[in-house]
Amino acid sequence: MTSLDFSTTIGNTWFPAPTFTASGCASSGRELAQFFPLREMGGIVTKSVMSKVRPGRPTPRMAETPSGMLNSIGLQGPGIDAFLAKDIPYLTEQKARIIVSIAGETVEEYSTLARKLRSVSGISAIEVNISCPNVENRGLVFACDPEASRRVIDGVRRTIGGELPIIAKLSPDVTDLVSIARGVVDAGADGLALINTVLGMVINLETMKPHLGGKTGGLSGPAIRPVAVRAIYQVHSAMPNIPILGMGGVASGRDALELILAGASGVSVGTASFGDPMAIPRIQRELASLLVAKGFTSVKDAIGYAHREDGK
Ligand SMILES: Cc1cc2nc3c(=O)[nH]c(=O)nc-3n(C[C@H](O)[C@H](O)[C@H](O)COP(=O)(O)O)c2cc1C
């Protein structure tokens, strides 16, 4: 039997498997831990944490759509202090590899969060969710503004020092994704997470008004997978040495392989885990057998294979 090296690296950090949770879709892992040991996946990406307690957006906050779902949960959560007191010790005890996702409303808030994380041990990387409204600039989402994106990552990099890998999570809702990606890499990001949800809206035909309390929401699930594949392919093509954590509609080993062939070094699973809490271990098994069936001996050999012209 062919042996397979299933490990991957993001920045200077090694992970035994290329499969992760997607931020916001498994909170801090307690629910999933009832179904499988968290240490068996590549790592857990925690829900984006902000500096203070947040109530979330008005209801309804979910709508089903063909091949996907629309959510406007907002960044509801307990705030960084409660997260550090409860969730990090829990995940460390589970021997899970932890990627902490942070979010802010100002450049300064991101730096404050980075300062609090700087001395915490047991963290593998920080994912910086910049798909948040910038209160200092008319609510324009950071990730849609090249200069604001760059300033956030620059602030986090300066605060955190050179040790922890920084992964900047980008929005696909921009005209030129590659220029945003270049900007955050120049500002100090070691890797990129692609993609956050796609902005959408559902109108309720009973009320004839927007269904979601927050009017617009983020589209996720299989409907957005081709958008994710395109985003990963374009960015990997422009910056082949920058590791990408890919996500968007992954529900099977085939889907995960598609993102890896486009250029992802690892794959996060979000919406699929809501319907099937065992989705991640199943996707890992399917991906491993598919890689072997295609003749790969390591995940690394498959990363970006779709770009090769020599057929090797
Ligand atoms: C209910 C829900 C909550 C989410 N919360 C966050 C979050 O807190 N931070 C973040 O960066 N992305 C968040 N996302 C986006 C996901 O991490 C992921 O980028 C997106 O859903 C695409 O992956 P999927 O199709 O596998 O769900 C959320 C998505 C959903 C569906």
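1. Let's start at the ligand. In this predicted model, an N or O atom in the side chain of Asn129 sits 3.2 Å from one of the ligand's oxygen atoms. The backbone joins in as well: a polar backbone atom of Gly270 is 3.0 Å from a ligand oxygen, and a backbone N or O atom of Ile195 is 2.9 Å from a ligand oxygen. On its own the ligand would expose 600 Å², and the protein buries 97% of that.

2. Who else is around the ligand? The shell counts 24 residues, with Ser23, Ser48, Lys169, Gly249 and Thr271 as the closest. By class, the shell residues are 13 polar, nine nonpolar and two charged.

3. Ile195 deserves a second look. Besides its backbone contact with the ligand, Ile195 follows a cis peptide bond from Leu194, with omega near 15°. Its place is the loop between β10 (191-194) and β11 (198-201), so you may like to view the bond and the contact together.

4. There is another cis bond to check, from Thr59 to Pro60, where omega is near -10°. Pro60 is found in the loop that runs between β4 (44-45) and β5 (62-65).

5. Now for some backbone angles. Ser67, though not a glycine, has a positive phi of about 60°; this residue lies in the loop linking β5 and β6 (68-71).

6. Lys95, also a residue other than glycine, has a positive phi near 60°. Lys95 belongs to the loop between α2 (80-93) and β7 (98-102). Is Lys95 buried or exposed? Its relative accessibility is 59%, so Lys95 counts as exposed, the cut-off being over 50%.

Methods
Residues are numbered from 1 along each chain as its sequence is written. This is a predicted model: local features need pLDDT of at least 70, side-chain atom pairs count only at pLDDT 80 or more; totals for chains, interfaces and linings use all residues. Side-chain values use heavy atoms; hydrogens and water are left out. Helices (H or I, at least four residues) and strands (E, at least two) are DSSP runs, numbered from the N terminus. Buried means under 20% relative accessible area, exposed over 50%, partly exposed in between (1.4 Å probe, protein chains only). A residue is near a molecule or strand if one of its heavy atoms lies within 4 Å of it. A polar contact is a pair of N or O atoms within 3.5 Å; within protein, one must be able to donate a hydrogen and the other to accept it, and residues adjacent in sequence count only if both atoms are side-chain atoms. Accessible areas come from the Shrake-Rupley method with a 1.4 Å probe; for residues, only the protein chains shown count as cover. Ala, Val, Leu, Ile, Met, Phe, Trp, Tyr, Cys and Pro count as nonpolar, Asp, Glu, Lys and Arg as charged, and the others, Gly among them, as polar.
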